[in-house]
Amino acid sequence: MGEVHNASYYAKCMVGGILSCGLTHAAVTPIDIIKCRSQAEPKKYTGLVQGFSVYKGEYGVKGLRIGWMPTLIGYSFQGFGKF
């Protein structure tokens, strides 16, 4: 019987882990920004939808990109190791 899991199998698992962990966590970073702001300033950020409106008014749409790159890199490494 041949090898059940060869190097190609493990390489595919690692790429799958990078994509599934890194991309999904980076995609929800804007939600995390609003959640953290609402915890820090509950009177100003009273809900998720309202929080996005307030944040967009203060920082613009570009402000929602804060933190996505470190999140992408960190969780990609995690997915690489886990999968």
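Asp-32 and Lys-35 sit 3 residues apart in helix 2, so about one helical turn separates them. Helices here are DSSP runs of H or I with at least four residues, numbered from the N terminus. The side chains of these two residues meet in a salt bridge, with 3.5 Å from N to O. By salt bridge I mean a side-chain nitrogen of Lys or Arg within 4 Å of a carboxyl oxygen of Asp or Glu. Asp-32 is partly exposed, at 39% relative accessibility, and Lys-35 is partly exposed at 39% as well. For these labels, buried is under 20% relative accessible area, exposed is over 50%, and partly exposed is in between, with a 1.4 Å probe and protein chains only.

A word on the source. This is a predicted model, in which local features need pLDDT of at least 70 and side-chain atom pairs count only at pLDDT 80 or more, while totals for chains, interfaces and linings use all residues. Residues are numbered from 1 along each chain as its sequence is written, and side-chain values use heavy atoms, with hydrogens and water left out.

Back to the charged pairs. How many salt bridges does a search of the whole structure find? The search finds 3. Besides the pair in helix 2, Glu-41 and Lys-44 meet through their side chains at 4.0 Å, N to O. Glu-58 also forms a salt bridge with Lys-44, and there the closest N and O atoms are 2.4 Å apart. Glu-58 belongs to helix 3 and Lys-44 to the loop between helix 2 and helix 3, so this pair ties together parts that are 14 residues apart in sequence. Glu-41, Lys-44 and Glu-58 are thus linked in a network of salt bridges. Are its members buried or partly exposed? Glu-41 is partly exposed at 31%, Lys-44 is partly exposed at 31%, and Glu-58 is partly exposed at 39%. As a general point, side chains of opposite charge can pair when their charged atoms come close.

Next, the nonpolar residues. Which residues make up the largest nonpolar core? There are 5 in all: Ile-33, Ile-34, Tyr-45, Tyr-55 and Leu-64. A core here is a set of buried Ala, Val, Leu, Ile, Met, Phe, Trp, Tyr and Cys residues joined through side-chain atoms within 4.5 Å. Leu-64 touches Pro-30, Ile-33, Ile-34, Phe-52 and Tyr-55, leaving out residues up to four places away in sequence. Contact means heavy atoms within 4.5 Å. In soluble globular proteins, nonpolar side chains tend to be buried together.

Some nonpolar residues are on the surface. Val-15, Ile-18, Leu-19, Leu-23 and Phe-80 form a nonpolar patch with about 430 Å² of accessible area together. Patch residues have over 30% relative accessible area and no salt bridge; like charges are joined within 9 Å, and nonpolar side chains (Val, Leu, Ile, Met, Phe, Trp, Tyr) within 5 Å. The areas come from the Shrake-Rupley method with a 1.4 Å probe, and for residues only the protein chains shown count as cover. Helix 1, residues 7-27, gives the most to this patch, with 4 residues. Leu-19 lies in helix 1 and is partly exposed, at 47%.

Now two threonines. Thr-29 lies in helix 2, residues 29-40, and is buried, at 7%. Its side chain reaches the backbone oxygen of His-25 at 3.1 Å. That is a polar contact: a pair of N or O atoms within 3.5 Å, where within protein one must be able to donate a hydrogen and the other to accept it, and residues adjacent in sequence count only if both atoms are side-chain atoms. Thr-29 also touches Ile-66, Gly-67, Trp-68 and Thr-71, not counting residues up to four places away in sequence. Thr-71 is in helix 4, residues 68-82. The side chain of Thr-71 reaches the backbone oxygen of Gly-67 at 2.8 Å. Leaving aside neighbours within four places in sequence, Thr-71 is in contact with His-25, Ala-26, Thr-29 and Ser-76.

Last, two loop residues. Gly-47 is in the loop between helix 2 and helix 3, partly exposed at 27%. From C-alpha to C-alpha, Gly-47 and Val-28 are 16 Å apart, with their positions 19 residues apart in sequence. Lys-62 is in the loop between helix 3 and helix 4 and is exposed, at 64%. Lys-62 and Ala-11 are 51 residues apart along the chain, and their C-alpha atoms are separated by 35 Å.
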